[in-house]
Amino acid sequence: MTHASQHPATIAVTAGRPPAESDQPLNAQIMLASSFIAGGDLEYARFQNPTWSALEETIGQLEGGRALAFASGMAAVAAVLDQVPHGGRVVVPRHAYQGSLGLLEQHRVAGRIEPVLVDVEDVDAVVAAIPGAALVWMETPTNPALEVADLARIVAAAKEAGVPVAVDNTFATPLLQRPLEDGADVVVHSATKLMSGHSDVIMGAVVTNDDDWFTRLHGNRSLHGAIPGPFEAFLVLRGLRTLDVRLERAQATAKAVAAALEAHPAVSRVRYPGFSTVVSFEVESAERADRVVAAVQLARHATSLGGVETTLERRRRWASESKSIPEGLIRLSVGIEHADDVIADLLQALDA
Ligand code: PLP
């Protein structure tokens with residue numbers, strides 16, 4: 001039993017549990033079933049699964065809506081973009097996650113969607129782009145530029161114009177930002193990142209408090225079949241249980257890392273929005289950045305983010321990354337190792 005008055009850190013631990021009755025397990029079990037005896041609510045495991053339900057209950061309570069688990073963050077992004085009517089304009093951050101931009105580009109080429117790229121920190125430009133759009137897609141902070149959008153103002157403008165708003169909340173997680181409370185219609189997550197937190201699972205989720213959105217997204221998931229496995233759902237729920245303490249540690253370290261990088265002469269710019277666990281920093285060239293990435297000893301050179309282990313990569317090594325991201329930008333995902341060790345590793349890599 002959880003209560004609306006509980007802190008999100010508590011809900012992350014208490015929600016989605018079996019009833020507190022004798023012989024019940026503490027944790028939701030991994031339900032391995034493709035089909036269920038007819039006549040109840042479950043029927044077929046492409047539509048519903050009790051292990052997803054425990055996770056969805058938890059994510060839903062944290063974001064303040066009803067959640068649906070998807071096979072990946074991109075499957076969740078795709079399900080939301082599928083709701084845009086043919087020919088609709090979608091307002092989207094110029095530096096949104098490259099996969100989201102790539103999918104929008106596919107829709108553009110097919111003549112389905114007209115993306116309108118905006119600088120999320122230029123709130124007047126974002127607001128000006130909204131009237132007549134079919135969807136406002138927000139991501140804040142953006143990946144990897146770490147720009148922060150004024151969600152409250154953007155959502156208010158979209159509401160006035162009657163345009164729905166979807167927010168990719170992957171970087172903030174519902175412990176740091178709850179877009180539905182600001183009036184957004186849908187929240188999207190790559191649960192692969194901070195939610196699961198251990199770099200061992202790919203999963204996504206959408207959350208909404210609008211019944212029509214929920215029905216359409218559930219229908220989309222059932223018919224496209226982009227469903228997670230029950231084991232993956234179990235892992236994400238297990239990760240969520242420790243999200244608050246992982247965030248607390250990694251954020252404190254990220255702040256200290258950002259300060260240490262600011263003070264290093266080889267670093268020309270540090271981007272850290274003051275929350276979450278990703279720090280992007282720039283050195284003079286791609287070659288210099290590649291040398292830094294090759295010289296780390298504790299951190300690992302790997303893509304993705306939000307795991308307990310510190311990872312980093314030069315983002316422009318991906319041909320698909322936005323060309324306005326500097327060649328020498330390194331995106332660092334700060335883990336939960338001791339801050340002194342993380343900082344010492346980065347400084348020795350910068351000096352190498
Ligand atoms: N949204 C953001 C902000 C991301 O960083 C990512 C992945 O990096 C995705 C969505 C896609 O998630 P997934 O890799 O789980 O499909």
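How many residues surround the ligand, and which are the closest? The legends below describe a predicted model.

**View 1. Residues around the ligand.** The ligand is surrounded by 13 residues, of which Met74, Asp168, Ser190, Thr192 and Lys193 are the closest. Sorted by class, this shell consists of 6 polar, 4 nonpolar and 3 charged residues.

**View 2. Polar side-chain atoms facing oxygen atoms of the ligand.** Three residues named in the first view appear here with their computed distances. Thr192 places a polar side-chain atom 2.6 Å from an oxygen atom of the ligand. For Ser190, the distance from a polar side-chain atom to a ligand oxygen atom is 2.8 Å. Lys193 likewise has a polar side-chain atom 2.8 Å from an oxygen atom of the ligand. The protein buries 93% of the 390 Å² that the ligand exposes when taken alone.

**View 3. The pocket that holds the ligand.** Which pocket corresponds to the space taken by the ligand? That space is the largest pocket of the structure.

**View 4. The cavity and its lining.** Rolling a probe the size of a water molecule over the atoms reveals where empty space remains. The structure contains 1 cavity of 30 Å³ or more. The largest cavity encloses about 50 Å³ of space. Its lining is formed by Leu194, Arg246, Ala250, Thr277, Gly306, Gly307, Val308, Val334, Gly335 and Ile336. By class, the lining of the largest cavity comprises 5 nonpolar, 4 polar and 1 charged residues. Arg246 is the charged residue of this lining, because Arg counts as charged, and Thr277, Gly306, Gly307 and Gly335 are the polar ones, because Gly is counted among the polar residues and Thr is not listed as nonpolar or charged.

Methods:
Residues are numbered from 1 along each chain as its sequence is written. This is a predicted model: local features need pLDDT of at least 70, side-chain atom pairs count only at pLDDT 80 or more; totals for chains, interfaces and linings use all residues. Side-chain values use heavy atoms; hydrogens and water are left out. A residue is near a molecule or strand if one of its heavy atoms lies within 4 Å of it. A polar contact is a pair of N or O atoms within 3.5 Å; within protein, one must be able to donate a hydrogen and the other to accept it, and residues adjacent in sequence count only if both atoms are side-chain atoms. Accessible areas come from the Shrake-Rupley method with a 1.4 Å probe; for residues, only the protein chains shown count as cover. On a 1 Å grid over the protein atoms alone, a cavity is a set of points where a 1.4 Å probe fits but cannot get out, and a pocket is an open set with protein on both sides within 12 Å along at least five of seven lines; lining residues have an atom within 4 Å of a point. A molecule sits in a cavity or pocket if more than half of its atoms lie within 2 Å of its grid points. Grid points are joined across faces, edges and corners, and a volume is the space filled by probe spheres set on the points.
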